[in-house]
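Trainee: Could you take a close look at one part of this model with me? I'd like to understand the aromatic residues and how they sit in the fold.

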Amino acid sequence: ANSKIRSRVKGGLATSEAAEEEIKDLETRIISYEEEGDKLNEQLIGVVDKMRSVSNDYIAGLEKSKTVVTEADVTRLHRLQDSLSRLDQEKAALLKRIAATETWTSDLRSQLLKKQRGE
């Protein structure tokens, strides 16, 4: 009878220790995804700032083209359009990565709550 009790206690401790390890692992992964999300948000802010700058240059070029247009002006406007297109694609890719990171973080938080509640 004593050995059965010891076995249950040891099994309970092992389960508790395993659960603690899983909780620590989930917390570590959540922190990692949150840090990645922060970095992606910083990159997104940089891309949006670049887009604003390029857009302002493009608008200024269009305003100038109302009076006189040189071939260099047209070439510059095309480059600005290409730049805006690339920046827009970069922004879209960052938004997708941010959304995925938020989904993974949410998933991990749900798992963490279940573990902490002992489910």
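Mentor: Let's begin with W104, which is partly exposed at 41% relative accessibility. Keep in mind that this is a predicted model. Its partner is Y33, and the two rings form a tilted aromatic pair, 5.3 Å centre to centre with 40° between the planes. Why tilted? An angle under 30 degrees would count as stacked and one over 60 as edge-to-face, so 40° ends up as tilted. Y33 is partly exposed too, with a relative accessible area of 21%; the cut-off for buried is under 20%, so Y33 misses that label. The structure holds just this 1 aromatic pair.

Now see where the two partners sit. Y33 belongs to helix 1 (residues 2–65) and W104 to helix 2 (residues 71–117), so the pair ties together parts that are 71 residues apart in sequence. Those are the chain's 2 helices, and there are 0 strands. Contacts tell a similar story: among those with a separation of 6 or more, 86% link residues 24 or more positions apart.

What else brings the helices together? The largest nonpolar core has 12 residues, including L40, V54, L80 and I98, and helix 1 and helix 2 each supply at least two of its residues. Pick out V54 in that core: leaving aside residues up to four places away in sequence, V54 touches L80, S83, L84 and L87. Another core, of 5 residues, lies apart from the largest one, with I23, L26, L108 and L112 among its members. Across the whole chain, buried residues make up 19% of the 119 residues.

How values were computed
Residues are numbered from 1 along each chain as its sequence is written. This is a predicted model: local features need pLDDT of at least 70, side-chain atom pairs count only at pLDDT 80 or more; totals for chains, interfaces and linings use all residues. Side-chain values use heavy atoms; hydrogens and water are left out. Rings of Phe, Tyr and Trp (its six-membered ring) pair if their centres lie within 6.5 Å; planes under 30 degrees apart count as stacked, over 60 as edge-to-face and the rest as tilted. Helices (H or I, at least four residues) and strands (E, at least two) are DSSP runs, numbered from the N terminus. Buried means under 20% relative accessible area, exposed over 50%, partly exposed in between (1.4 Å probe, protein chains only). Contact means heavy atoms within 4.5 Å. A nonpolar core is a set of buried Ala, Val, Leu, Ile, Met, Phe, Trp, Tyr and Cys residues joined through side-chain atoms within 4.5 Å.
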